[in-house]
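Trainee: May we work through this model by question and answer, beginning with the terms?

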Amino acid sequence: MPETKVRCHSGRVTAGGRGTANEREDAGMGGREGMIPLGLADVTGPSMVPTLRHGDRLLVRYAARVRAGDVVVLRHPLQQDLLIVKRAVGRRDGGWWVLSDNPFAEPDSRVFGVVPDDLVLARVLWRFRPRGTGARSALASLTWAAFALRPVSVRARGRALAPDFRAGTGGEAS
């Protein structure tokens, strides 16, 4: 199954004072100080369904503290020019164990192992689901308006971690 990828936009509201200048540059935040380290990303692919869908737009925070259950943007460990989005389910020696929300999608840590901390670039804060094309009834428009903008967090949704994590194959909780 295809990988869920993200494309980060260069017109970010970024460059916060956290991390070294090199870390901010690696995360795409430039060397500017004193700005909010936020950015936008577009989702492509099915690996994070049902949390994220192809076409969703994400508000991300660079250099944010990551906790188990957070959805994160990271560099693919085996192809570092590729940015992907996964759920950080637990800490392991050397980094994060990340999984797709779609249990039939790969690759994730089941394929490439632990992701080093320096490859985790941002935590996803909010998801915006663009309006679909076609004729819309008033009820469909209201439903879309009610669900188009949502926080992306295991805590905000009250959802349990991925089954692989609960079964003990997804790493240790921090």
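Mentor: A residue is called buried under 20% relative accessible area, exposed over 50% and partly exposed in between (1.4 Å probe, protein chains only). The model is predicted: local features need pLDDT of at least 70, side-chain atom pairs count only at pLDDT 80 or more, and totals for chains, interfaces and linings use all residues. Residues are numbered from 1 along each chain as its sequence is written, and side-chain values use heavy atoms, with hydrogens and water left out.

Trainee: Is D93 buried or exposed?

Mentor: D93 sits in the loop between β5 and β6 (95-99); helices (H or I, at least four residues) and strands (E, at least two) are DSSP runs, numbered from the N terminus. In space, its C-alpha is 9.8 Å from that of V115, which is 22 residues away in sequence. Because its relative accessible area is 79%, D93 is exposed.

Trainee: What pattern does the chain follow along the sequence?

Mentor: The chain contains five helices and eight strands. Of its 174 residues, 45% are buried. Read along the sequence, the elements give β-α-β-β-β-β-β-α-β-α-β-α-α.

Trainee: Which residue in β7 is the bridge partner of V73?

Mentor: Strands count as paired if DSSP finds at least two bridges between them. Strand β4 (residues 71-76) has five of its six residues buried, and three bridges join β4 to strand β7 (residues 120-128) in the antiparallel sense. In β7, V73 is matched by A122.

Trainee: Which residue of β5 stands opposite V72?

Mentor: On this side, β4 and strand β5 (residues 79-92) are antiparallel over six bridges. The two strands make a hairpin, with two residues between them. Across from V72 in β5 is K86.

Trainee: Which side chains of β3 point to one face and are buried?

Mentor: Strand β3 is joined to β2 by five antiparallel bridges, with A41 opposite L58. β3 also pairs with β7, antiparallel over six bridges, and there R57 faces F128. The side chains alternate along β3: R57, L59 and R61 point to the other face and are not buried, whereas the buried face holds L58, V60 and Y62.

Trainee: Which strands each supply at least two residues of the largest nonpolar core?

Mentor: A nonpolar core is a set of buried Ala, Val, Leu, Ile, Met, Phe, Trp, Tyr and Cys residues joined through side-chain atoms within 4.5 Å. The largest one has 15 residues, and L52, L58, V60, V71, V73, V85 and V124 have the most contacts inside it. At least two of its residues come from each of β2, β3, β4, β5 and β7.

Trainee: How many residues are in the other core, apart from it?

Mentor: This second core lies apart from the largest one. Its members include L82, I84, V98 and F112. The count for this other core is twelve.

Trainee: How many residues apart are R129 and D56?

Mentor: A salt bridge, defined as a side-chain nitrogen of Lys or Arg within 4 Å of a carboxyl oxygen of Asp or Glu, occurs six times in the whole structure. R129 and D56 form one of them at 3.0 Å, N to O. The pair joins distant parts of the chain, with R129 in the loop between β7 and α3 (138-147), D56 in the loop between β2 (38-44) and β3 (57-62), and a separation in sequence of 73 residues.

Trainee: Why does the pair D70 and R123 tie together parts of the chain, and how many residues apart are they in sequence?

Mentor: The closest N and O atoms of the D70 and R123 salt bridge are 3.9 Å apart. D70 lies in the loop between β3 and β4 and R123 in strand β7, so the pair ties together parts whose separation in sequence is 53 residues.

Trainee: At what relative accessibility does R91 count as partly exposed?

Mentor: R91 forms a salt bridge with D117, the closest N and O atoms being 2.4 Å apart. This pair too links distant parts of the chain, R91 being in strand β5 and D117 in the loop between α2 (109-112) and β7, 26 residues apart. D117 is partly exposed because its relative accessible area is 38%. R91 counts as partly exposed because its relative accessibility is 28%.
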